[in-house]
Amino acid sequence: MTALAGRAAAQEKTGSQAAATAQASPAEPALSDPRSKYPQPPYPEQRQDWPGLVSKMDPRPDHGEESYIGSGRLAGRRALITGGDSGMGRAAAIAYAREGADVAINYLPQEESDAREVIALIEAEGRKAVALPGDLRDAAFCRQLVEDAVRELGGLDILVSNAARQQAKKSLSDISDDEFDWTLKTNVYAMFWLTKAALPHLQPGSTIIVTTSVVAYDPPEMLVDYAMTKAAGRNFVKSMAKQLGSQGIRINGVAPGPIWTPLQPSGGQFPEDIPQFGSDQPLGRAGQPVELAGIYVLLASDENSYATGQVYGAVGGSGGP
Ligand code: NAD
Ligand code: MG
């Protein structure tokens, strides 16, 4: 199904859902059960080489491709999203375009096929889509990325620092110095470099969003280095909100719980843990990226103008902010 056909089908479905709702008595609204709304464990065993591709996941994650419906909440806005090819970044990119924003996405060259799908989905909304591949571990690249996004979008007023690396390791001694550096460069340094480069371009009313994690609150033993970086992101949001408030720039975080994205089967979890991923949350399953799309939209939009220095969670019921 093409992106446009998918949208039409989604709207048609929404129309029939609306009709069903109209027929139902007020005491019987059309509800969807959050436990069974999306695939439940056990998930098929699977393993991918890092950084992983959406196209190789089973079941395929839902980023809102056929379901997210916008309503002009980000009309004319200009967003740069790192990790915009897949997972939470893709869900935000699709939602932003459907809310009326132009969107630049950054990703790794190995993810070009995933990125092309996102570019097509943004363009299907009649919005400008800019593909800016490259490795965020390089400070000069981060600065160039922001400059390229500003030039291509004609400015910038939403920065989503979302890309990250997560590799599960049984013991601290299994984390090589190079891997530790890799994780910190990707998850912490890039957030710093990108924010620093973006700030001169951000006008009052602009927003920065950092993807942190449930692990910033309860770090698991197999994600020592990664959890540190997610705590750093949460802390960055808190300090920078104090610094940026007087400039009229808001900064907030999103804390996902276990979400069905390529990061997990490409080393983020041990392969034997994938089938039961998310099963220990009260909702009993992994979340889907689309279930966080609304948070990224809300945090970027003017309707949320008094929220800064906050972290909004979607974790399935246990832990988080
Ligand atoms: P994902 O694999 O879809 O996205 C991560 C992206 O990071 C990749 O697509 C890749 O483009 C990018 N990336 C990694 N290293 C990079 C580098 N050196 N240079 C440029 N880009 C690089 O996975 P996701 O789960 O959607 O991850 C998005 C965010 O969500 C991350 O910040 C992650 O920490 C956070 N998160 C995920 C979960 C989860 O369960 N999936 C839970 C909590 C937080
Ligand atoms: Mg990816």
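For what follows, Ala, Val, Leu, Ile, Met, Phe, Trp, Tyr, Cys and Pro count as nonpolar, Asp, Glu, Lys and Arg as charged, and the others, Gly among them, as polar. With that in hand, and keeping in mind that this is a predicted model, select ligand 1 together with the shell of residues around it, which divides into 14 nonpolar, 13 polar and 4 charged.

Label the shell next: of its 31 residues, the ones that come nearest to ligand 1 are Ser86, Glu111, Asn162, Tyr226 and Thr261. Now show the backbone atoms as well, since several polar contacts of the ligand are found there. At Asn162, a backbone N or O atom lies 2.7 Å from an oxygen atom of ligand 1, while at Met88 a polar backbone atom is 2.9 Å from an oxygen atom of the ligand. Move on to Leu136, where the partner of a polar backbone atom is a nitrogen atom of ligand 1, at 2.9 Å. If you then display the surface of the ligand, bear in mind that ligand 1 taken alone exposes 810 Å², of which the protein buries 98%. Two elements give two or more residues each to this shell, namely helix H2 (87-98) and helix H6 (224-244).

Switch to a cartoon view and select the strands. There are 7 of them in an open sheet, with parallel pairing and the order S3-S2-S1-S4-S5-S6-S7. Strand S3 (129-131) and strand S7 (311-314) stand at the edges, and because each has a single partner strand, one side of each is left without a neighbour in the sheet. Looking along the sheet, you can follow a twist that averages 15° from one strand to the next.

Which strand is joined to S4 (residues 158-161) by 4 bridges? It is strand S5 (residues 207-211), running parallel to S4, and by selecting Ser161 you will find Val210 of S5 standing opposite.

Add the helices that lie across the sheet. H2, already met beside the ligand, lies across strand S1 (78-82), strand S2 (102-106), S4, S5 and strand S6 (250-256), and runs at about 165° to S1. Helix H5 (residues 177-198) lies across S1, S4 and S5, running at about 170° to S4.

Finish in the loop between helix H1 (3-23) and S1, where Pro51 has its place and where Pro59 lies too. Most peptide bonds are trans, but the bond joining Trp50 and Pro51 is cis, with omega about 10°, and a cis peptide bond also joins Asp58 and Pro59, with omega about 0°.

Key:
Residues are numbered from 1 along each chain as its sequence is written. Chains are lettered from A and ligands numbered from 1 in the order in which they are written. This is a predicted model: local features need pLDDT of at least 70, side-chain atom pairs count only at pLDDT 80 or more; totals for chains, interfaces and linings use all residues. Side-chain values use heavy atoms; hydrogens and water are left out. A residue is near a molecule or strand if one of its heavy atoms lies within 4 Å of it. A polar contact is a pair of N or O atoms within 3.5 Å; within protein, one must be able to donate a hydrogen and the other to accept it, and residues adjacent in sequence count only if both atoms are side-chain atoms. Accessible areas come from the Shrake-Rupley method with a 1.4 Å probe; for residues, only the protein chains shown count as cover. Two strands pair if DSSP finds at least two bridges between them. Axes are lines fitted to C-alpha atoms, for helices over the stretch in contact, and angles run from 0 to 180 degrees between N-to-C directions. Contact means heavy atoms within 4.5 Å.
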